[in-house]
Amino acid sequence: MRVLIGISSVIDAVNEFIGKWISWLILASILVSAGNATIRKIFDTSSNAWLELQWYLFGAAFLAASAYTLKQNEHIRIDIVYGLFSRRIQHWIDLVGHILFLMPFALLMVFYLVPYVSVSYRSGEMSTNAGGLIIWPAKAMLLTGFFLLAWQGVSEIIKKIAIMNGNMDDPNPYVTQHEQAQLEGEALVEELKP
């Protein structure tokens with residue numbers, strides 16, 4: 001189990017690094033959007049390439065950060081039901097969900113996206129919009145995003161099993177929204193103390 005926990009730690013570190021740095025693509029997307037809008041208003045000219053670049057940057061940030069979001073335990077769940085159960089049952093829900101839903105879907109997407117990206121790359125597929133960009137980088141980001149998500153899914157499964165067997169502490173203990181607000185309030189009070 002120690003080796004698997006080590007593998008999980010490596011996966012977590014890689015996705016943490018990617019997730020934090022990929023967020024800069026949001027800023028780049030905003031700057032491209034603002035620049036494109038400014039040029040369009042001032043010079044009465046525009047390019048589909050700039051619009052598509054904005055989409056590519058935002059899409060890349062969203063897709064590459066999905067694994068980081070899973071690592072941070074920030075994916076959407078129905079907390080109103082989830083919070084009614086003991087932490088052990090919550091771990092079982094997460095484990096079963098990862099094994100039966102996340103992993104099959106993410107791996108199926110990787111399986112189908114490999115030839116999809118490959119054909120696009122080999123053909124030099126271009127946007128159908130006048131002055132648009134090449135398509136394969138956007139398709140490659142789809143593949144990368146699902147690969148990283150599947151990879152993080154493996155890490156989450158390892159961690160859930162390790163936590164349930166008592167081999168590691170829970171890195172994301174469940175906290176209700178009320179408890180979270182109380183903790184944030186206490187942290188703010190401590191921060192404001194002289």
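**Entry 1: helices H2 and H3**

I looked first at helices H2 and H3 and noted that they run roughly antiparallel to each other. The model I am reading is a predicted one. H2 covers residues 24-43 and H3 covers residues 48-64. I looked up their axes: they come within 8 Å and cross at roughly 165°. An angle over 145 degrees counts as roughly antiparallel, so the label for H2 and H3 follows from the crossing angle. I also noted the hand of this crossing, which is left-handed.

I then listed who makes the contact. From H2 the residues are Leu25, Ile26, Ala28, Ser29, Val32, Ser33 and Asn36. From H3 they are Trp50, Leu51, Leu53, Gln54, Leu57, Phe58, Ala60 and Ala61. Sorted by class, the residues of this contact are 11 nonpolar and 4 polar, with no charged ones.

**Entry 2: the loop between H2 and H3**

I stayed with this pair and checked the loop that joins them. Asp44 sits in the loop between H2 and H3. Its phi is positive, about 55°, although Asp44 is not a glycine. Is Asp44 buried or exposed? I found a relative accessibility of 71%, so Asp44 counts as exposed.

I looked up Asn73 next, which also has a positive phi, about 60°, and is not a glycine. Asn73 lies in the loop between H4 and helix H5 (79-82). With a relative accessible area of 28%, Asn73 is partly exposed.

**Entry 3: helices H1 and H7**

I turned to another helix pair. The axes of H1 and H7 come within 9 Å and cross at roughly 135°. That angle makes H1 oblique to H7. The crossing of H1 past H7 is left-handed.

On the H1 side I wrote down Leu4, Ile5, Ser8, Ile11, Asp12, Val14, Asn15 and Ile18 as the contact residues. On the H7 side I wrote down Leu148, Trp151, Gln152, Val154, Ser155, Glu156, Ile158, Lys159 and Ala162. By class, the contact of H1 with H7 has 10 nonpolar, 4 polar and 3 charged residues.

**Entry 4: salt bridges**

How many salt bridges does the structure hold? I noted 8. I followed several of them.

Lys71 and Glu16 meet through their side chains in a salt bridge, at 2.8 Å from N to O. Lys71 belongs to helix H4 (residues 66-71) and Glu16 to helix H1 (residues 2-22). The two are 55 residues apart, and the pair links distant parts of the chain. I checked burial for both: Lys71 is buried, and Glu16 is buried as well.

The side chains of Lys160 and Asp94 form a salt bridge at 3.1 Å, N to O. Lys160 is in helix H7 (residues 136-164) and Asp94 is in helix H6 (residues 87-123), so the pair ties together parts that are 66 residues apart in sequence. Lys160 has 8% relative accessibility and therefore counts as buried. Asp94, at 8% relative accessibility, counts as buried.

I also looked up Glu190 and Lys193, whose side chains meet in a salt bridge at 3.2 Å, N to O. Glu190 counts as exposed, because its relative accessibility is 52%. Another set of salt bridges shares partners and joins Asp12, Glu156 and Lys159 into one network.

**Entry 5: Glu156**

I went back to Glu156, since this residue had appeared in the network. Glu156 is found in helix H7. Its relative accessible area is 6%, so Glu156 is buried. Which residues does Glu156 contact, leaving aside its neighbours within four places in sequence? I found Asp12, Leu70, Lys71 and His98. Among these, Asp12 is a partner in the salt-bridge network, and Lys71 is the residue that forms a salt bridge with Glu16.

**Entry 6: Gly145**

My last look-up was Gly145, which is in helix H7. At 2% relative accessibility, Gly145 counts as buried. Leaving aside neighbours within four places in sequence, Gly145 is in contact with Leu63 and Ser66. I also looked up its distance to Tyr121, which is 24 residues away along the chain. The C-alpha atoms of Gly145 and Tyr121 are separated by 17 Å.

Note on methods:
Residues numbered from 1 in each chain as written. Predicted model: local features only at pLDDT ≥ 70, side-chain atom pairs only at ≥ 80, totals over all residues. Heavy atoms only, no water. Axes fitted to C-alpha atoms, helices over the stretch in contact; angles between N-to-C directions. Helix = DSSP H or I, 4+ residues; strand = E, 2+ residues; numbered from the N terminus. Parallel < 35°, antiparallel > 145°, perpendicular 65-115°, else oblique. Left-handed = near helix turned anticlockwise from the far one by under 90°. Contact = heavy atoms within 4.5 Å. Nonpolar A, V, L, I, M, F, W, Y, C, P; charged D, E, K, R; others polar. Salt bridge = Lys/Arg side-chain N within 4 Å of Asp/Glu carboxyl O. Buried < 20%, exposed > 50% of the residue type's maximum accessible area, 1.4 Å probe, protein only.
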